[in-house]
Amino acid sequence: MTAPFDLTDDSVVVIIGTGAGGGVLANELAQKGVSVVALEAGGRYLPEDYINDEWESFGQLAWLDARTTSGDWRVADDFSGLPAWIVKAVGGTTTHWAGASLRFQDHEWKAATNYGPVQGANLLDWPIDPREMDDYYTKAEDKLGVTRTGGRAGLPGNNNYKVFEAGAKALGYTEVHTGRMAINSAENDDRLACQQTGFCFQGCKWGAKWSAAYTDIPRGEATGNLEVRDRAHVLKIEHDASGKVTGVLYADKDGNQHLQKARVVCVAGNSIESPRLLLNSASSMFPDGLANSSGQVGRNYMRHMTGSVYATFDKPVRMWRGTTMAGIIQDEARHDPSRGFVGGYELETLALGLPFMAAFLDPGGWGREFTTALDSYENMAGMWIVGEDMPQETNRITLNHDVTDQYGLPAPNVHFDDHPNDIAMRNHAYQQGIAVYEAVGATRVFPTPPYPSTHNLGTNRMSENPRDGVVNTHGQTHDIANLFVSDGSQFTTGAAENPTLTIVALAIRQADHIAGELGRGNL
Amino acid sequence: MSKEPQKLTRRALLAQGIAVGSAFVVGAGYVAGSSAAWAMEVAHLQPATMATLIQMARDIYPHDRVADDYYAAAVKAYDNADQAPVIEAGITALNAAAVGAGFSSYVGTGWERDRVDILRGIEDSPFFQMIRGGLVTGLYNQKAVWPQFGYEGESFSKGGYIDRGFNDINWI
Ligand SMILES: Cc1cc2nc3c(=O)[nH]c(=O)nc-3n(C[C@H](O)[C@H](O)[C@H](O)COP(=O)(O)OP(=O)(O)OC[C@H]3O[C@@H](n4cnc5c(N)ncnc54)[C@H](O)[C@@H]3O)c2cc1C
Ligand code: SF4
């Protein structure tokens with residue numbers, strides 16, 4: 001079934017990372033007959049392997065290699081060695097993700113034009129026409145089986161949603177529903193319907209939630225055109241004297257190094273590892289790292305403006321029962337500068353189990369103010385805020401030469417300062433989230449600070465002009481024709497929506513382009 | 001119950017024990033809860049140190065419905081050769097702070113608020129932060145403590161909540 005390719009086979013497309021971007025691209029190319037070797041740092045885990053226990057699952061799946069932080073964001077204080085919550089496994093972070101799958105709004109593709117100049121922000125328009133994305137979004141929604149699209153029914157609302165919906169309606173919000181979720185509301189695509197087990201973040205043991213790990217990847221392998229090598233950690237991308245990339249150096253599970261030759265290389269290691277790999281691949285020809293003539297590799301790191309609001313009530317909610325994130329208020333997603341900021345945000349239901357609640361409700365908090373909140377855990381409801389944050393050149397991934405990983409390579413440092421627009425939007429969202437719960441009798445509310453980043457974006461951004469970014473409209477690097485970026489690091493701006501549907505749509509689009517160019521002999 | 005005699009023995013021991021907060025030092029190398037429902041052996045820490053540490057843990061994350069057993073379990077891992085000196089030093093400093101505030105010792109205070117004042121005075125110290133940080137998982141990640149908070153843990157083995165109340169609240 002799976003096609004083992006030779007290390008010296010220089011006709012293959014090598015994809016680094018098998019998450020939302022890389023995993024989908026690998027399958028899409030394989031379906032078109034392109035030979036693909038996908039190298040994944042993590043191991044293979046399937047639904048039977050997932051552990052419905054928050055910390056144990058985290059230990060099983062999370063990317064825990066050395067990382068450092070700086071900047072004024074609270075994560076740098078609270079979780080200094082864990083800037084982001086990302087998965088190291090075949091399927092990448094699509095094992096952990098909650099499944100919220102939203103299209104960008106048209107105006108968000110052209111943030112610079114529609115928002116105008118914002119001081120300190122490095123806003124830019126995407127070099128993509130929103131109309132061109134319509135078909136790709138439809139393909140992505142069908143692939144992921146997104147509810148409330150393509151005739152698929154919505155999920156039923158759980159307890160957490162009931163409280164959220166009643167509060168939203170009391171406040172006059174109208175765009176309130178159980179979300180557009182990559183979670184089956186009925187059997188679909190050989191996967192079960194959601195059983196409301198409530199551990200979406202730990203990997204869905206029923207396979208009801210879409211994950212590349214048990215959909216795109218095995219389907220790609222079944223074509224005979226895709227070989228996925230797990231526990232294969234890429235250390236460096238190599239190039240020849242003409243400046244074209246020729247292959248990648250990786251370490252296998254025993255630490256032995258191999259060089260896999262390639263015709264095309266696609267980087268999809270998520271927005272911290274992808275720029276880090278380009279920077280770590282610096283050579284005498286490219287002393288600032290690969291594809292970095294603009295100096296933008298690693299810059300404009302975005303993580304979405306986030307935060308949470310929890311609230312306790314005089315009666316039980318038991319929010320942990322059922323889907324983790326199937327509930328949304330979209331009324332605030334619009335661009336309406338009269339609120340004091342550009343861009344918008346979504347409010348989405350969110351539940352954490354007791355162990356994670358203790359860690360994330362108020363990191364560093366202690367004493368009765370903290371413990372009385374947990375005493376009311378059973379009576380708690382929760383929501384997550386996700387909004388557009390401003391790209392800033394100084395928010396960036398750099399190499400920290402003082403700290404090395406298990407391969408002796410410099411660790412990535414993640415620097416992030418909130419932009420005043422992010423702060424104004426967060427304060428507005430806290431106020432609205434609190435109002436939602438107070439409208440239905442909350443006895444106490446908790447405006448909770450951001451967690452380690454789950455949405456990591458923008459560090460190899462798309463730009464029309466090679467001066468402004470790293471890749472062109474197809475994710476092809478401006479500097480090196482046979483080097484592509486295929487993950488969330490391509491994002492020019494973040495929009496208000498959870499990013500994965502867009503990452504998947506862009507991967508489908510990129511596969512069309514790469515297969516076409518290979519066919520035309522241009523790559 | 002076969003456990004009964006042991007319990008009585010422990011009670012008897014407790015009667016002679018030195019009262020330290022809600023945990024008691026019971027003879028050499030043992031600390032027991034005032035409920036006498038549990039006891040633990042300490043190999044590297046002084047029993048009084050462990051008893052004070054358990055009280056400190058409760059004062060950091062006080063849950064009145066959670067018995068001492070769980071706090072003891074949460075800090076038991078510090079009873080090792082490597083960490084014992086750090087813990088002994090930290091607890092000595094904690095007691096010194098209590099004495100400075102006019103009490104006989106940390107556990108010699110009567111009201112929780114007095115101990116909390118003492119803890120506020122050291123909350124930026126590495127010792128306090130180590131104990132607090134360790135408790136976040138040490139206490140709340142004990143499966144046995146979850147029912148005290150109503151948390152039900154995994155539900156896969158029971159078929160999820162689809163037929164077991166994922167949308168069962170009716171007060172809203
Ligand atoms: C708890 C949680 C909930 C989320 N919920 C949602 C949601 O509801 N909706 C939504 O849209 N998004 C959600 N997300 C975000 C979503 O998971 C990510 O946006 C998405 O998976 C990113 O795709 P990616 O391809 O950029 O990277 P990833 O999916 O992270 O994949 C990157 C892969 O590359 C591998 N890799 C990295 N470096 C190397 C290397 N050097 N060599 C080999 N392999 C490497 C990694 O191991 C990983 O498998 C959530 C994330 C988390 C953590
Ligand atoms: S709640 Fe539904 S989607 Fe989430 S893990 Fe359980 S079965 Fe899967």
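How many bridges join strand E2 of chain A to E5(A), and do they run parallel or antiparallel? I began my notebook with that. Four bridges join E2(A), residues 36-39, to E5(A), and the two run parallel.

**Ground rules.** I am reading a predicted model, where local features need pLDDT of at least 70, side-chain atom pairs count only at pLDDT 80 or more, and totals for chains, interfaces and linings use all residues. Residues are numbered from 1 along each chain as its sequence is written, chains are lettered from A and ligands numbered from 1 in the order in which they are written, and side-chain values use heavy atoms, with hydrogens and water left out. I take helices (H or I, at least four residues) and strands (E, at least two) as DSSP runs, numbered from the N terminus.

**Entry 1, the parallel sheet.** I noted that strands pair if DSSP finds at least two bridges between them. Back at E2(A) and E5(A), I found Val36(A) with Leu226(A) as its bridge partner in E5(A). Both strands belong to an open sheet of five strands in chain A, ordered E5-E2-E1-E9-E17 with parallel pairing. At its edges I see E5 (226-229) and E17 (483-485), each pairing on one side only. Neighbouring strands here are turned by 20 degrees against each other on average, direction ignored. Helix H1 of chain A, residues 20-31, packs on this sheet and touches E1 (13-16), E2, E5 and E9 (264-267). The direction of H1(A) makes about 160 degrees with that of E1(A). For such angles, axes are lines fitted to C-alpha atoms, for helices over the stretch in contact, and the range is 0 to 180 degrees between N-to-C directions.

**Entry 2, a covered strand.** Next I looked up strand E10 of chain A, residues 305-312, and found eight of its eight residues buried. Buried means under 20% relative accessible area (1.4 Å probe, protein chains only). Met305(A), Gly307(A), Val309(A) and Ala311(A) point one way, while Thr306(A), Ser308(A), Tyr310(A) and Thr312(A) point the other way. In a regular strand the side chains alternate between the two faces of the sheet. E10(A) pairs antiparallel with E13(A), residues 380-387, over eight bridges, and five bridges join E10(A) to E16(A), residues 444-448, also antiparallel. I followed Ser308(A) across both: its partner is Trp384(A) in E13(A) and Thr448(A) in E16(A).

**Entry 3, the cores.** A nonpolar core is a set of buried Ala, Val, Leu, Ile, Met, Phe, Trp, Tyr and Cys residues joined through side-chain atoms within 4.5 Å. The largest has 130 residues, and Tyr310(A), Tyr437(A) and Met56(B) have the most contacts inside it. Helix H2 of chain B, residues 47-60, gives the largest share of this core, seven residues. Apart from it I found another core, of 76 residues, including Ile16(A) and Leu25(A).

**Entry 4, a buried glutamate.** Glu273(A) lies in helix H8 of chain A, residues 270-280. Why does Glu273(A) count as buried? Its relative accessibility is 10%, so it counts as buried. Contact means heavy atoms within 4.5 Å. Leaving aside neighbours within four places in sequence, I see Glu273(A) in contact with Trp63(A), Arg67(A) and Pro412(A).

**Entry 5, chain B.** I closed with chain B, which has seven helices and four strands. Of its 172 residues, 45% count as buried.

Definitions and conventions:
Buried means under 20% relative accessible area, exposed over 50%, partly exposed in between (1.4 Å probe, protein chains only).
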